[in-house]
Every structure is written in structure tokens, then in C-alpha cells.
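Here's a quick tour of one structure, covering the ligand's surroundings and a couple of unusual backbone angles. Have a look at the sequence and the fold before reading on.

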Amino acid sequence: MKDEPAPLLELAGARAAYGPIEVLRGVDLRVEAGSVVALLGPNGGGKSTTMKVCAGLLPLTGGELRLAGRRVNGLAAEDAARLGVCSIPEGRGIFPNLTVRENLWVATRTGTRLRDMEEAAYTRFPMLGERRDQLAGSLSGGQQQMLALSRALGTAPAILLLDELSMGLAPMIVTQMYDTVAQLVAEGLSVLVAEQFARAVLPIADTAALMLNGRVVSVGTPGEIEDHLSSGYLGG
Ligand SMILES: Nc1ncnc2c1ncn2[C@@H]1O[C@H](COP(=O)(O)OP(=O)(O)OP(=O)(O)O)[C@@H](O)[C@H]1O
């Protein structure tokens with residue numbers, strides 16, 4: 001019997017394609033329970049595609065996706081959510097023409113009560129409570145990201161997949177958002193975060209992985225990966 005528990009989420013030799021174009025060419029990646037893994041690398045390396053595969057939004061064409069050691073190739077997005085995998089896509093995935101409250105309500109289809117969802121969201125982010133009847137599209141980028149996080153957390157996920165949390169946000173807001181993520185991790189959440197701008201996420205990451213041309217080419221502590229990389233990859 002193995003001494004160590006299986007990683008919460010694992011890709012082994014994962015391959016994926018858009019039509020005839022292979023984009024993931026054998027990705028190996030592990031997210032241990034209670035940890036933050038930062039998936040870094042330049043545009044087009046395959047970070048978003050990796051997140052899609054993990055969330056059941058794109059099928060594997062080869063290799064394996066495992067959740068807590070169980071092979072789950074071919075799982076649908078609803079199955080992934082049911083198994084505790086929750087993703088916030090690039091662009092946040094909120095409904096701009098619905099109010100904050102309505103956006104939270106849509107997320108209750110997974111079984112959480114609206115009252116509980118609202119209480120948790122407004123306690124964590126009082127700003128959202130003040131804007132509960134405002135259209136989500138009229139919120140600032142940071143507030144939209146708070147809403148996206150609140151919707152995701154309503155499903156009580158085991159692992160959160162975050163794609164480009166920092167996109168379009170001022171540096172101070174990015175720092176605040178990652179502080180919130182760090183708090184969530186302290187409460188037991190595991191996180192896989194794809195970021196083009198490594199500097200934003202490295203302070204809270206346990207492990208960093210560099211992705212280039214559809215493969216993870218290097219994995220280490222944030223310090224090791226930072227040392228390995230040119231400042232170009234680290235987002236300036
Ligand atoms: N829906 C799609 N159809 C065809 N090709 C796609 C599609 N989405 C992404 N690609 C291509 O797949 C490759 C990897 O893209 P992906 O978005 O996974 O990279 P990324 O590292 O997340 O970069 P980005 O930060 O731009 O999202 C790129 O060459 C991209 O053009």
C-alpha cells in the first residue's frame with residue numbers, strides 16, 4: 001500500500017486537441033490536497049486548455065485525468081463539479097445582464113440555498129452586498145472577480161481552477177484577490193491557477209509549473225521556477 005495519498009487532481013501524459021490541431025502534447029501535472037499550484041508560461045502554451053481538460057470541458061485524446069487517484073477520462077463538466085472541481089474561466093463566466101443576486105441565484109442550481117450563498121458572499125466581500133441589486137456588467141473588474149469567486153465557492157468545491165485571475169485588474173486588486181485565495185486555501189481549498197503574469201501568484205503558490213508548447217517543461221518551488229526563468233516569462 002502506498003504511504004502517500006493520491007493527488008487531488010492529476011494529469012498524466014494528457015493530450016488534447018481542437019479538431020486536428022493537437023494543443024496538449026503529454027501534460028504531467030499534480031495538485032496535492034491543500035496546495036496551490038501555479039501554471040505559468042507565455043500565451044498559447046496551453047494553460048487554458050489544461051484548465052478546460054481538468055474541468056471536463058474538453059475531452060482528452062490521450063493520457064489520463066485522475067481525481068483522488070481515480071481515472072476520470074471523459075467526465076462531463078457536471079460530473080467534474082459534482083466531484084468537487086469548480087472552474088472560473090478566463091473572462092469570469094458571470095452574466096453581465098443579471099444582478100449580483102441573480103448571478104448568485106443561478107449558481108444555486110447545484111443545491112446551495114440562495115440565502116446561504118448570499119450570506120457567504122456578502123460576508124467575504126461586503127462590497128458585493130452593497131451592490132446586490134446592481135447589474136454584474138456594471139461592476140468593476142475586481143468586483144466581478146469577487147462575484148465569480150462567490151459563485152464558485154457556493155458549490156463548496158474541493159479544488160478551484162482559476163484561469164487568469166489577474167486579467168484586466170489593477171495590481172493592487174490582483175494582490176487583494178490572491179490574498180483572498182490564500183485565505184480560502186488556509187480554510188482547506190486546493191487551487192490550480194493559470195497565470196501569464198507569474199509575479200501575481202508566486203507569493204501564494206506551493207508549487208509552480210512552467211508550460212511551453214503543450215507540455216509542462218519544469219516543476220518546482222516558486223523560488224526554483226523563478227530562478228529558472230527569464231524575466232520575460234515572469235511577466236516583467
Ligand atoms: N477553441 C480553439 N480552437 C482552436 N485552437 C485553439 C482554441 N483555443 C485555443 N486554441 C489554440 O491552442 C493553443 C493553446 O491555447 P491556450 O489558450 O490553451 O493557451 P494559454 O497558454 O492558456 O494562452 P492564453 O493565455 O492565450 O489563454 C493556442 O495555439 C491557441 O491558439
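## Ligand shell and two positive phi values

Keep in mind that this is a predicted model. Two topics are worth your time here: which residues surround the ligand, and where positive phi turns up at A68 and N213.

**Around the ligand**

- Twelve names to look for: the ligand has Y18, I21, V23, G41, N43, G44, G45, G46, K47, S48, T49 and Q196 around it.
- Two elements, β2 (21-31) and α1 (47-54), each put two or more residues into that shell.
- Of the contributors, α1 has the largest share, with three residues.
- By character, the shell splits into eight polar residues, three nonpolar and one charged.

**A68**

- A68 isn't a glycine, yet its phi is positive, near 50°.
- You'll find A68 in the loop that links β4 (62-67) and β5 (70-71).
- A68 has 16 C-beta neighbours inside 10 Å, so it counts as partly exposed; a buried residue would need 20 or more.

**N213**

- N213 is another non-glycine with a positive phi, at about 50°.
- Look for N213 in the loop between β9 (207-212) and β10 (215-220).
- N213 counts as partly exposed because 13 other C-beta atoms lie within 10 Å, while the exposed class stops at 12 or fewer.

Conventions:
Residues numbered from 1 in each chain as written. Predicted model: local features only at pLDDT ≥ 70, side-chain atom pairs only at ≥ 80, totals over all residues. Near = placed C-beta within 6 Å. Helix = DSSP H or I, 4+ residues; strand = E, 2+ residues; numbered from the N terminus. Nonpolar A, V, L, I, M, F, W, Y, C, P; charged D, E, K, R; others polar.
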